[in-house]
Amino acid sequence: LEWMKDKGLDMIFMRERTQVMPEQRVGEVNAGFYVLHCNPRTRNFWERLLAEEKAYPKMEGYPPYTDQYHLNRGLNHQPGVFPQVGAYGVRWATIPDYHCIWCTPESDKEVALAAFHHAVNTQDKPSLLQQVRNQVLQVQQLPLTPNTGGS
């Protein structure tokens with residue numbers, strides 16, 4: 001969140017890490033996880049996205065579908081640009097892959113630096129969430145919180 005503030009970003013997203021036509025989906029973000037700063041730009045952006053989704057809930061053809069289709073159209077990814085600028089001037093970026101675990105960890109670096117886990121491609125999300133949580137907690141040291149109780 002400090003990175004968002006320091007860079008003046010309105011939204012950050014997890015990169016879409018699908019195996020479905022990945023060469024056609026460079027720059028696409030995943031609509032299942034994002035962080036946003038509430039302001040007029042983001043409000044206008046999301047109101048537009050919801051109106052477009054309601055008018056045309058894309059389900060046919062090639063992915064992405066539904067909200068992810070409209071989200072990525074509105075973000076208008078430009079290769080090599082930082083920060084990205086989408087509709088209504090929203091400033092956005094993707095969270096570095098090593099901070100995001102997609103399904104299961106791909107590397108030790110991901111486990112060591114993960115801040116987010118997107119539990120996908122499983123029939124048993126609770127089990128996957130617990131497995132990944134256990135892996136991450138074995139490696140990462142969580143900050144200690146001061147004892148606010150009286151003893």
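Is Pro96 buried, partly exposed or exposed? Pro96 comes out as partly exposed, with a relative accessible area of 26%. To count as buried it would have to fall under 20%, and to count as exposed it would have to be over 50%. Pro96 sits in the loop between E4 and E5. Its C-alpha atom is 9.2 Å from that of Phe13, although the two residues are 83 residues apart along the chain. Keep in mind that this is a predicted model.

## The chain as a whole

The protein chain has five helices and six strands. Read from the N terminus, the elements run α-β-β-α-α-β-β-β-α-β-α. Of the 151 residues in the protein chain, 36% are buried. Take the contacts with a separation of 6 or more: 55% of them are between residues 24 or more positions apart. The accessible surface comes to about 9800 Å², and carbon and sulfur atoms account for 54% of that.

## The sheet

Four strands make an open sheet in the order E2-E1-E4-E3, and the pairing is mixed. E2 and E3 (84–85) stand at the edges with a single partner strand each, so one side of each has no neighbour in the sheet.

Now for E1, residues 11–15. Four of its five residues are buried, so the strand is largely enclosed by the rest of the structure. With E2 (residues 29–36), E1 pairs in the antiparallel sense over four bridges. With E4 (residues 91–94), E1 pairs in the parallel sense over three bridges. A few individual bridge partners give you something to click on. Ile12 is bridged to Val35 in E2, and Arg15 has Val29 as its partner in that strand. On the E4 side, Met11 is the bridge partner of Trp92. As a general point, side chains in a regular strand alternate between the two faces of the sheet.

## Two helices side by side in a table

Here is how H2 and H5 line up on paper.

| Helix | Number of residues | Expected span | End C-alpha distance | Arc of buried residues |
|---|---|---|---|---|
| H2 (residues 40–55) | 16 residues | 22 Å | 22 Å | 90 degrees |
| H5 (residues 125–139) | 15 residues | 21 Å | 21 Å | 60 degrees |

Let's take H2 to begin with. At 1.5 Å a residue, the 16 residues of H2 should span 22 Å, which agrees with the 22 Å between its end C-alpha atoms. Its buried residues are Thr42, Phe45, Trp46, Leu49 and Glu53. They cover an arc of only 90 degrees around the axis, which puts them on the same side of H2. Cover for these buried residues includes E1, E2 and H3. The face turned away from the buried side carries Pro40, Lys54 and Ala55, which are exposed. At the N-terminal end, Asn39 caps H2: a side-chain oxygen lies 3.0 Å from the backbone nitrogen of Arg41.

Which residues does Thr42 touch, not counting those up to four places away in sequence? They are Asp10, Met11, Leu36, His37 and Val90. Thr42 has a relative accessible area of 2%, so it counts as buried.

Over in H5, the 15 residues should span 21 Å at 1.5 Å a residue, and the end C-alpha atoms are indeed 21 Å apart. Leu128, Val132 and Val136 are the buried ones to look for. Their arc around the axis is only 60 degrees, which puts them on the same side of H5. These buried residues pack against strand E5 (100–102), helix H4 (108–113) and strand E6 (116–118). Turn to the other side of H5 and you find Pro126 and Gln138, both exposed.

## A buried glutamine

One more residue deserves a click: Gln68, which lies in helix H3 (residues 66–75). Its relative accessibility is 11%, so Gln68 counts as buried. What does its side chain join in a polar contact of 2.8 Å? The partner is the side chain of Glu16. Beyond its neighbours within four places in sequence, Gln68 is in contact with Glu16, Arg25, Glu28, Val29, Asn30 and Ala31. Among these, Val29 is the residue that turned up earlier as the bridge partner of Arg15.

Technical notes:
Residues are numbered from 1 along each chain as its sequence is written. This is a predicted model: local features need pLDDT of at least 70, side-chain atom pairs count only at pLDDT 80 or more; totals for chains, interfaces and linings use all residues. Side-chain values use heavy atoms; hydrogens and water are left out. Helices (H or I, at least four residues) and strands (E, at least two) are DSSP runs, numbered from the N terminus. The expected span of a helix is 1.5 Å times one less than its number of residues. Buried means under 20% relative accessible area, exposed over 50%, partly exposed in between (1.4 Å probe, protein chains only). The arc is that of the directions from the helix axis to the C-beta atoms. Contact means heavy atoms within 4.5 Å. Two strands pair if DSSP finds at least two bridges between them. Accessible areas come from the Shrake-Rupley method with a 1.4 Å probe; for residues, only the protein chains shown count as cover. A polar contact is a pair of N or O atoms within 3.5 Å; within protein, one must be able to donate a hydrogen and the other to accept it, and residues adjacent in sequence count only if both atoms are side-chain atoms.
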